[in-house]
Amino acid sequence: MSNSSLDPKKEAHAFMSDKSYGTLLCLLSDALFSIVYIFVQFINKNTFTQDFIFGSTWRAEWILCFKEWIAAAFALPIFLYLYFTGKTVIPGVKVIIGLIVAAFFCEYIGIGHHVLANDYIGMALGLPVIRTITILGCAIFGAILLKERITSMKVAMILVLISAVGLFGYSNFLASTPVAATDVAEKIVKYGSWNIPCDIRTFGFICAFITGMGYAIYTLILRAVMKKPELKEGEEAPKPVSAYFVVSMVFGFGGLFGFIAMLGKMKAAGESLSALTTAIPAPWWYCIIAAGVLTFVAFYLKNLSYRYASASKAAAMSVLQVLLNICAGMLIFHEPTNPVFWGGAVLTVVGIILASRTN
């Protein structure tokens, strides 16, 4: 292995172009992320413990905290081994600060509210809304902040994918069970120690919007950190940032943000840390461990892809999660489908093909 886990002396993907390699990494990563959220939805839907419902106000923070710390437990030892054997280096202060900020937006803002969105409006509806906001945010801010070109192919990709996620959302709306009258009448949602003046479904859409913006900001920060530098003739290429270091920082601080938020909400609910052993059944711990392991692998592949794919392309490829998660909802959680759903599926395939052809 060379000086970095991301910079082998002989490119492992020599048989394909950087663009194709970035596309492959995005596809593999998003497939694994879909499985991660299936495990999370097992918890949300109380799949394994029908006689016990974990309805605590700090459930989302518990998922965020332990899923990320479990993933960090895999990434950190690998990075430390590479560092102490001289095969990688610790990047500069600016990169570290950027990763901490990325952890805040991706983990606490993004994943924390992603769990809530899935809980309140469902995985099939929440994810299309989230991906729509993420794609738009990455395309707009990527062009403004990272000077990424808006080509006709990229515009077509964005329009097709937004149409796809719109159809998925409408499909789920047609198939969804109406909100109970008591929930419609209830105009206050408890969010930690705050009372949010809206109904549960509206609050779920707000969480989805917040999640999408958090993911977009995270994607832009990681793209800025991980992309290949443009060098002038005669300049020596700097050592790229190790993906294991990125994953360790993002997961470690993401879990820390989640832990702090969990403590605050547990305190507001009058519960102590001992509730972790009394209020959470063992099957849910198994789910969170599996989700944490898969998160490590998926995030590693996604972070590696940022060296070869633009921010808007990486976000657009994530639309594959929409298709896979809705299929999982149909097969595992018995969510119904309709012709609108299959229209979204066709557009998703078209969008992925367009995304694979963008620079």
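Of the 359 residues in the protein, 53% are buried, a figure that belongs to a predicted model. The secondary structure comprises 13 helices and two strands. Among the contacts in the protein with a separation of 6 or more, 85% are accounted for by residues 24 or more positions apart.

The interior can be approached through its nonpolar cores. In soluble globular proteins, nonpolar side chains tend to be buried together. The largest nonpolar core here has 73 residues, of which Trp58, Trp62, Phe251 and Phe299 touch the most other members. Helix H2, spanning residues 59-84, gives the most to this core, with 12 residues. Once residues up to four places away in sequence are set aside, Trp58 touches Met262, Met266, Ala275, Leu276 and Ile280, and also the charged residues Lys265 and Glu271. Apart from the largest core lies another, of nine residues, which include Leu127, Phe168, Ile326 and Phe341.

Helix H2 also packs against helix H3, which covers residues 93-121, and the axes of the two come within 9 Å and cross at roughly 130 degrees. Because this angle falls neither over 145 degrees nor between 65 and 115, H2 and H3 are oblique to each other. The crossing in which H2 passes H3 is right-handed. On the H2 side the contact is made by Arg59, Ala60, Ile63, Leu64, Lys67 and Glu68, while H3 contributes Glu107, Tyr108, Ile111, Gly112, Val115, Leu116 and Asp119. By class, the residues of this contact divide into seven nonpolar, one polar and five charged.

One of the charged residues in that contact, Glu68, deserves a separate look. Glu68 has its place in helix H2, and it counts as buried because its relative accessibility is 0%, where the cut-off for buried is under 20%. Leaving out residues up to four places away in sequence, Glu68 touches Glu107 and Ile111, as well as Phe251, Gly255 and Thr295. Phe251 is also one of the four residues that touch the most other members of the largest nonpolar core.

A second helix pair is formed by H1, residues 18-44, and H10, residues 282-305, which pack at an angle of about 165 degrees with their axes 8 Å apart. Since an angle over 145 degrees counts as roughly antiparallel, that description applies to H1 and H10. Their crossing is left-handed, and the contact of H1 with H10 has 22 nonpolar, four polar and two charged residues.

Definitions and conventions
Residues are numbered from 1 along each chain as its sequence is written. This is a predicted model: local features need pLDDT of at least 70, side-chain atom pairs count only at pLDDT 80 or more; totals for chains, interfaces and linings use all residues. Side-chain values use heavy atoms; hydrogens and water are left out. Axes are lines fitted to C-alpha atoms, for helices over the stretch in contact, and angles run from 0 to 180 degrees between N-to-C directions. Helices (H or I, at least four residues) and strands (E, at least two) are DSSP runs, numbered from the N terminus. Angles under 35 degrees count as roughly parallel, over 145 as roughly antiparallel, 65 to 115 as roughly perpendicular and the rest as oblique. A crossing is left-handed if the near helix is turned anticlockwise from the far one by less than a right angle, and right-handed if clockwise. A nonpolar core is a set of buried Ala, Val, Leu, Ile, Met, Phe, Trp, Tyr and Cys residues joined through side-chain atoms within 4.5 Å. Buried means under 20% relative accessible area, exposed over 50%, partly exposed in between (1.4 Å probe, protein chains only). Contact means heavy atoms within 4.5 Å.
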